[in-house]
Amino acid sequence: PEQEPTPEKEPTPEQEPTPEQDHLLLQGLAFHFTDYQECMDSETITKWMEVVVQNGGMVLDTYDPGRCTHLLALHKMSETFNLALADGKCIASAHWLNDVLMDKKMMPPKNALHFPTAFKWQLPGAKNWSFTLSSYTNSERELVKDMIRITGIPYTSYLCRDTTHLVSKTASGRKYQKALEWGLEVVNAAFLADVIHSGQLPSVLLPHHTQLGDPREFSHSNPDAIRLLAPWEAFMAHYSQLHPECVDWEATSAAMDCLRASKRSREGLEQAEGDGEELPRTKRPRLEDGSGKQEGAAKIKLPVVLFTGINQAEVRRLRPGVEQLGGRVTEAAQQCSHIVASRVTRTIKFLTGISLCDHIVMPEWVEQSLTAGHFLEETPFVLHDPNTESLFQMDVSTSLARAKQRKLLQGLVFYSTPQVMPSHENLKEIVEGAGGQLLTQTELRRRFGRHFDIPPSSPSGSPRLLVLSCPEDLALCSDFFQHDIPVYNAELVLTGVLRQQLDLSLNRILPE
């Protein structure tokens, strides 16, 4: 059930107006507030309205597209929000108004809190996660904490076994090292921004989510943020001519740079689709015709490409290149011949595909193939990610070579207890991709008997059944321990497929 937010989730604008400049700050602007009436007391709303008027602005009781210049919305779920968006109005949140009044400077929204959220009161399933942060200081630290709190995700000042995500500014510190040791997700503020804009935790960590120390982590990159930012360009241009002394030029310049970068990216995509300068013309490989006869001297196996760990804007840029050369793009790891990734990443696609694909290459392979007019030999473009490869003690080329020699989990049968992550469905993809089987509880009983009457190990002593569990499910493992069935945490499989090497002496869970 949805829960209404507590008033602390939204700021209360407080400032002491100074005569002339403060009166100019909101001069000529007409605001309409929506959604806040559902969760704020009337006294707070009245105070906001008074402060707007004190600074030269006007407050409208109803949304009037002919008069309203700015809509202040709590979330993006209302009809009023959609109307204002269609009308091209400047849309922001009360956090934006608060910061404008506190700084006494006009600016477009400069962080995720300055926009309405993609959820009403809190992120669906928020209580399933727990966040903490590291390495942020002063105002940035408070901003990140507020970004976590507005989602409704529990925040703690400490790292513990219940923590699911560490939001860290740098790749250093005790929390960071412990998070790596425990296999927690380590992300930056850009990850939180995407959560706020999309209304869900990304199922795949994009490269900009994990680039710790990136000075642009608070910059606008989410497509929804860019869409809402667009009307602010004309507004800030007009406002800066009337009241240049009231403009926060640094924040305005940064926001407009994000907007221009997005426009350049779109223009590049349109060019690639033939709306601008044409891409290099290429001869498509001669393929087998419908009768099964080849048109050329030799049949050419065209790449089936899976993109993972790359942001969607980059995928949209690269995809036309693959198709231009005659290749195909797939979302299914089971079908791909090539994985294109900018780094080693533990997405379901990567962990499944590494056991199945022929090549894992960097995006430059697509770019330079397009320039050459044909798919290039993959060896110079093999993915190399020293930091992650060192962390997991693996090498992409070595793992691929091992996967081609034999299926890592061939002949092994797994069962996962209910709270193991990844989910049973995702884990099943990874296990089956590596040649193993993952049983449901019904299949487990049918195959090994309710009381394991059928020995879960072969006559040679090698295990027929391996159980994957977690601390939350240890109470469910007593039968497995009693019958000497080995129990492991999921890292046995996750790290194992990355290395394409299974070490049954590691990651074992022993009975207490």
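# Briefing: helix packing, sheets and cores

Helices α10 and α12 cross in the left-handed sense. The model described here is predicted. In this model, the axes of α10 (residues 312-324) and α12 (residues 364-372) come within 9 Å, and the crossing angle is roughly 40°. At that angle, which lies outside the range under 35 degrees that counts as roughly parallel, α10 is therefore oblique to α12. The points below cover this helix pair, the nonpolar cores, the parallel sheets and the surroundings of E38.

**The α10/α12 contact**

- Two packed helices are described by the angle between their axes and the distance between the axes.
- On the α10 side, the contact is formed by E314, R317, L318, G321, V322 and Q324, which meet V366, E367 and L370 of α12.

**Nonpolar cores**

- In soluble globular proteins, nonpolar side chains tend to be buried together.
- The largest nonpolar core holds 50 residues, and those that touch the most other members are L25, L26, Y36, W96, L97, M106 and F235.
- Helix α8 (residues 223-242) is the biggest contributor to this core, supplying eight residues.
- When residues up to four places away in sequence are left out, W96 is in contact with F31, H70, L72, M106, M107, P108, P109, H114 and W232.
- A second core, separate from the one above, comprises 36 residues, among them L306, I354, M394 and A434.

**The sheet of β1 to β4**

- Four strands form an open sheet in the order β2-β1-β3-β4, and their pairing is parallel.
- The edge positions belong to β2 (58-59) and β4 (90-92); each has a single partner strand, so one side of each lacks a neighbour in the sheet.
- Strand β3 (residues 70-73) runs parallel to β4 and is joined to β4 by three bridges.
- Within this pair, H70 is placed opposite C90 of β4.
- Helix α2 (residues 42-54) lies across β1 (30-34) and β2, and its direction makes about 170° with that of β1.
- Helix α8 also packs on this sheet, where α8 touches β3 and β4 and runs at about 125° to β4.

**Strands β5 and β6**

- In a regular strand the side chains alternate between the two faces of the sheet.
- Strand β5 (residues 131-134) is covered on both faces: F131 and L133 are buried on one side, and T132 and S134 are buried on the other.
- Four bridges connect β5 to β6 (residues 165-168) in a parallel pairing.
- F131 of β5 faces H165 as its opposite residue in β6.

**The sheet of β12 to β15**

- Another open sheet of four strands, with parallel pairing, has the order β13-β12-β14-β15.
- Here β13 (437-439) and β15 (487-489) are the edge strands; each has a single partner strand, so one side of each is without a neighbour in the sheet.
- From one strand to the next, the twist averages 35°.
- β12 (residues 413-416) and β14 (residues 465-469) pair in parallel through four bridges, and V467 of β14 is the bridge partner of Y415.
- Helix α16 (residues 441-448) lies across β12, β13 and β14, at about 100° to β13.

**Surroundings of E38**

- E38 is located in the loop between β1 and α2.
- The relative accessible area of E38 is 42%, a value between the limits of 20% and 50%, so E38 is partly exposed.
- E38 and L74 are 36 residues apart along the chain, while their C-alpha atoms are separated by 9.7 Å.

Terms used: Residues are numbered from 1 along each chain as its sequence is written. This is a predicted model: local features need pLDDT of at least 70, side-chain atom pairs count only at pLDDT 80 or more; totals for chains, interfaces and linings use all residues. Side-chain values use heavy atoms; hydrogens and water are left out. A nonpolar core is a set of buried Ala, Val, Leu, Ile, Met, Phe, Trp, Tyr and Cys residues joined through side-chain atoms within 4.5 Å. Buried means under 20% relative accessible area, exposed over 50%, partly exposed in between (1.4 Å probe, protein chains only). Helices (H or I, at least four residues) and strands (E, at least two) are DSSP runs, numbered from the N terminus. Contact means heavy atoms within 4.5 Å. Two strands pair if DSSP finds at least two bridges between them. Axes are lines fitted to C-alpha atoms, for helices over the stretch in contact, and angles run from 0 to 180 degrees between N-to-C directions. Angles under 35 degrees count as roughly parallel, over 145 as roughly antiparallel, 65 to 115 as roughly perpendicular and the rest as oblique. A crossing is left-handed if the near helix is turned anticlockwise from the far one by less than a right angle, and right-handed if clockwise.
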